[in-house]
Amino acid sequence: MKKTIAQPEYRVEAVDKALAILSAFTVAEPRLTQRQLADRTGLNQPTIYRTAGSLVRAGFLVRGEDGRFRLGSMLLKLGAVYEAAFDLGELIKPALARIVAETGETANFYVREGNERVCLFRHDGPDVWHTVRVGTRLPLDKGSPGRVILAFEGEPGEPYETIRANGVFHTPGDRDPLGAGASSPVFGADGKVVGALTVLGFRPRVEHKVHTVFTEVVMRYAEYLTRQLGGIWPFPELSAKAGE
């Protein structure tokens with residue numbers, strides 16, 4: 001079994017302050033004054049002035065002629081390095097394994113391809129009863145994963161309005177009369193849905209757990225994956241222990 005790498009617990013105050021400044025910028029507010037940075041970070045203006053100066057010199061910030069700051073090109077370079085090294089499977093597969101460990105049922109991750117959903121990753125539970133494998137293509141409008149993807153791509157009407165409100169969808173027999181599961185969306189840094197995380201079991205065995213255990217687990221890990229991808233989770237926070 002692959003060991004979890006222990007995360008260091010020590011902190012460097014100057015680094016924390018620099019990261020707080022960089023994290024203050026958003027798509028809605030990509031340019032901020034020194035005072036705005038102080039308001040958003042809780043740091044005083046002299047600290048902002050000194051720390052931002054170091055970030056400007058290193059290329060992480062740029063200060064315009066109007067005095068406002070914006071993110072610098074060094075972050076674009078680091079983003080390109082991140083994309084080159086990033087493997088979605090390295091993030092999704094361990095989460096699926098943890099879901100199986102917690103629920104005892106199979107976990108999948110689906111993405112949209114054209115007018116279908118594709119099983120991109122899967123981790124089998126101890127009692128596999130259905131034949132969906134990695135690469136299997138299924139309808140978008142049948143089953144909880146496809147409906148979740150459609151909901152967060154803006155599909156109008158029901159059940160999509162309810163899915164957008166709740167962040168989860170349950171499927172007792174929606175596509176397969178013998179299946180029951182729950183799915184929740186995973187969002188990327190651009191705010192768009194990346195795919196749907198699903199836990200699914202044999203309906204007679206698991207139907208009583210779909211609205212409780214399955215819902216809590218799948219939403220907790222969907223939030224965790226969303227945050228790992230740089231996205232914003234728009235529902236109640238659940239994921240404090242998902243990545244442990």
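In the predicted model, the side chains of Arg112 and Glu153 form a salt bridge, with an N to O distance of 2.4 Å. Arg112 belongs to strand β3 (residues 106-113), whereas Glu153 sits in the loop between α6 (144-151) and α7 (160-166), so this pair ties together parts that are 41 residues apart in sequence. Both partners are partly covered: Arg112 has 32% relative accessibility and counts as partly exposed, and Glu153 is also partly exposed, with a relative accessible area of 43%. The structure holds twelve salt bridges. Side chains of opposite charge can pair when their charged atoms come close.

Two further pairs lie within helices. In the first of these, the side chains of Arg164 and Glu161 meet at 3.1 Å, N to O. The two residues are three apart in helix α7, and are therefore separated by about one helical turn. Arg164 is partly exposed at a relative accessible area of 23%, and Glu161 is partly exposed at 40%.

The other pair joins Arg220 to Glu216 through a salt bridge of 2.7 Å, N to O. Here the spacing is four residues in helix α9 (residues 210-228), so about one helical turn separates Arg220 from Glu216. Arg220 counts as buried because its relative accessibility is 10%, under the 20% cut-off. Its partner Glu216, by contrast, is partly exposed, with a relative accessible area of 33%. Arg220 and Glu216 are also linked with Glu102 in a network of salt bridges.

The largest pocket contains about 770 Å³ of space. Its lining consists of 17 residues, and those nearest the centre of the pocket are Leu22, Phe25, Leu71, Leu75 and Leu76. Two or more lining residues are given by each of α1, β2 (69-71) and α4 (73-85). Helix α4 supplies the largest share of the lining, six residues. By residue class, the lining of this pocket comprises twelve nonpolar, four polar and one charged residue.

A nonpolar patch on the surface is formed by Val12, Val15 and Leu19, which together have about 250 Å² of accessible area. Val12 lies in the segment before α1 (13-23). With a relative accessible area of 47%, Val12 is partly exposed; this value is over the 30% required of patch residues.

Key
Residues are numbered from 1 along each chain as its sequence is written. This is a predicted model: local features need pLDDT of at least 70, side-chain atom pairs count only at pLDDT 80 or more; totals for chains, interfaces and linings use all residues. Side-chain values use heavy atoms; hydrogens and water are left out. Patches are made of residues with over 30% relative accessible area and no salt bridge: like charges are joined within 9 Å, nonpolar side chains (Val, Leu, Ile, Met, Phe, Trp, Tyr) within 5 Å. Accessible areas come from the Shrake-Rupley method with a 1.4 Å probe; for residues, only the protein chains shown count as cover. A salt bridge is a side-chain nitrogen of Lys or Arg within 4 Å of a carboxyl oxygen of Asp or Glu. Buried means under 20% relative accessible area, exposed over 50%, partly exposed in between (1.4 Å probe, protein chains only). On a 1 Å grid over the protein atoms alone, a cavity is a set of points where a 1.4 Å probe fits but cannot get out, and a pocket is an open set with protein on both sides within 12 Å along at least five of seven lines; lining residues have an atom within 4 Å of a point. Grid points are joined across faces, edges and corners, and a volume is the space filled by probe spheres set on the points. Ala, Val, Leu, Ile, Met, Phe, Trp, Tyr, Cys and Pro count as nonpolar, Asp, Glu, Lys and Arg as charged, and the others, Gly among them, as polar.
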